Each structure stands twice: as C-alpha cells, then as structure tokens.
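Subject: The structure I promised you

Hi,

Here is the structure we talked about, ready for you to open and turn around on screen. Have a look at it first, then read on for what I found in it.

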Amino acid sequence: MPSTDHEMPLEFLRNRPEMAARLLESFGFDVPEHDRAEVSAAECTDIQPRDYRADGVVTFSRGDTVRMAVVVEVQRKPSTRKRYSWPVYVATVRARLECPTVLLVICEDKATAEWAAEPIPLGNPDSYLVPLVLGPDQVPVITSAEEARGMPEIAVLSALAHAEENVKTMLACMESLEMLREDTARLYYDFIISAVPATALRNWEESMGTTADKYRSEFARSYVSEGEARGEARGEARGEARGEARGKADAIIQILEDRNIEVPPDERSRILACTCEETLRSWLTRAVTATSTSQLFR
C-alpha cells in the first residue's frame, strides 16, 4: 500500500499541476508555452495483457493541443524493475497523447536519487532514457514568504529538503499555508510536522518562539472546532463546560490518530477524563508536534 511519503508529492501535483513546470525549470528544462496544466490519466497500457500505471501524468496544453506531457514517479528506494517499466510509461504516454514526453522522478534521499538518475539503455546503439531526478539537492531553496505563497507545494518540498540546514525554508513554508483552503493547509501541515527531521523542527521552534506556537495553535484550532462540535453534543446532558472539555479531548485524540500516533486505551481514557481547561490546552498544543503520547504528558 502506498505510504503517506509516497502519496503526498502526488497530492501536491493533483492540487497544483503547474508545480510540474516549476520543477522542470529547476533543471533548466524549457517548458513550452501553455495556457493550462492538468493531471492526465496515468494508465500506460501496451499491447500486452499487463497494465502499466505511472504514479502521475501532467500535461501542458495550449487550446486543444497537448504540447508536452510529464510522467511523474515518486521513488523511495531503488527498484530494478522500474528501469524496465519507466521507458514503457514514457513511450505509451507519448504515443497516446502524441506529444514530447519526459520522465520526472521525485526521490526523498540522495542515494535513491543517484540511482534513479542513471541513464537507462534501451537496446539500440546510443539510445537511452535519462530521467530528470528531483532529489534533496535539486529541490529549490525557498526562503521568501512571497515566493512560497506563489507555490506552497514547492515550499513544502523545500522545507523537507533544506529545513535542517536553513530554518528560513520552514518559516516560508508555514507562511505559504495561509494561501490554502483550511482542509488542504491542515493536510500539508500535518505532513510537514510528521516528515521534517526532528532537528529541523526543534530549530524552527527555537528560532521562531511564539510564531511557532501561533502556527501550532492555528492548526490545533481547526481540530478543536470539529472536536468541540462532537463534545458539545455529547455533553449537553452534562453541562456546557464538560461538553467543551470533551470537545478538546476529542480533538487531541483526533490529531494523534491523524498523525498515526498510537493512543493506548489507558491513555485515551486519561485524555477523555480530563476536565482541566489549562491541561487540555497544553496537551492540544503538544499533540500537533509530539511523536508519542509520553511527550504529550511530559
């Protein structure tokens, strides 16, 4: 089953297909003039009974003409089979859309990026498929809030790749989330907090102080609004204060579960039984960045 780390770059492309053009430009690749970018069908079916499916395909079109296609693959580790299937993806998409087609491979670590960048011999003399590979070293460094707001998805990739060395990429990324719908911003924020190196997260929190608290609080509130609605409904018979406390408790558990942090039955009961507003607020803030329930209760 695809992991979150595999799916999120594809979610970025689905939300903002024009991101593919920005990534190609980082290689010095000339993207043809176009008036729209959109996600296309990812099926790469050949004449054999086997179906091939790329992770994603983005097309750049002007009017009714598709001017270029980009086959996008997210690769988390080397795979010998991919060196045979990638040429199929490119060739079949090129034949289906009748346009120039390139292969863009997104890798989360340098070793996989180096492996993916090796030219793939196709058999004929001097015939190779050379993937365009976006590894940590190739991801643009986005430190300007203005640039980050123009393409939040690139800002997220920048923070993941560079925040450990440059905390400004993290701040620019967080500010870019203000441009997104609340549900999309919350999805991206949860991904950043769970995927960015722990040292980068600590550097951001230490550098920004109350600003980091502001971001955590803003995203915690989006969970609280949902949790309080449930808690107030449950708490009508027990009084308004108890209902609000139950709402915050529900929000804490929801944040932890959404971030794939296990909440054992005894600790779940402890959270739901708490009625102290100050304690619940503290747990709620910690839930956004905690990596375990033990950090929640420290």
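Let's start with helix α7, residues 167-176, which is mostly covered: 7 of its 10 residues are buried. If you want to click through the buried ones, they are T169, M170, A172, C173, M174, E175 and S176. Before you go further, keep in mind that this is a predicted model.

Now compare that with helix α13, which spans residues 277-287 and has L280, W283, L284 and A287 as its buried residues. Where do these buried residues sit around the axis of α13? They cover an arc of only 105 degrees, so they end up on the same side of the helix. Try looking down the axis of α13 and you should be able to pick out that side.

Next, the strands. A good one to begin with is β2, where 6 of the 7 residues are buried, so you can call β2 mostly covered. On one hand, β2 pairs with β1 (residues 36-40): the two run antiparallel and are joined by 5 bridges. One pair to look for there is A37 with its bridge partner F60 in β2. On the other hand, β2 also pairs with β3, again in the antiparallel sense, over 7 bridges. In that pairing, G56 stands opposite V72 of β3. How many residues lie between β2 and β3 in their hairpin? There are 2, and G63 in the turn has a positive phi of about 60 degrees.

While you are in β2, which covers residues 56-62, stop at S61. Is S61 buried or exposed? Its relative accessibility is 0%, and buried means under 20%, so S61 counts as buried. Leaving out residues up to four places away in sequence, S61 touches H34, D35, R36, E38, V66 and R67. Show those side by side with S61 and you can see what surrounds it.

Two loop residues are worth a click as well. E98 is in the loop between α3 (82-97) and β4. Phi of E98 is near 55 degrees, a positive value in a residue other than glycine. E98 counts as exposed because its relative accessibility is 70%, and the cut-off for exposed is over 50%. The other one is D126, in the loop between β5 (120-121) and β6 (128-129). D126 also has a positive phi without being a glycine, this time near 60 degrees. With a relative accessible area of 75%, D126 is exposed too.

Last stop: the largest pocket, which holds about 440 Å³ of space. It is lined by 22 residues, and the closest to its centre are C107, E108, P136, L160 and A161. Which elements give two or more residues to this lining? They are α1 (4-15), β3 (65-75), β4 (101-107), α6 (152-162) and α8 (182-195). Of these, α6 gives the most, with 4 residues. By class, the lining has 13 nonpolar, 4 polar and 5 charged residues.

If you only have a few minutes, I'd go to the β2 and β3 hairpin and then to the lining of the largest pocket. Shout if anything is unclear!

Cheers

Terms used: Residues numbered from 1 in each chain as written. Predicted model: local features only at pLDDT ≥ 70, side-chain atom pairs only at ≥ 80, totals over all residues. Heavy atoms only, no water. 1 Å grid on protein atoms, 1.4 Å probe; cavity = no way out; pocket = protein on both sides within 12 Å on 5 of 7 lines; lining within 4 Å. Points joined across faces, edges and corners; volume = space filled by probe spheres on them. Nonpolar A, V, L, I, M, F, W, Y, C, P; charged D, E, K, R; others polar. Buried < 20%, exposed > 50% of the residue type's maximum accessible area, 1.4 Å probe, protein only. Contact = heavy atoms within 4.5 Å. Arc of directions from axis to C-beta. Pairing = 2+ DSSP bridges.
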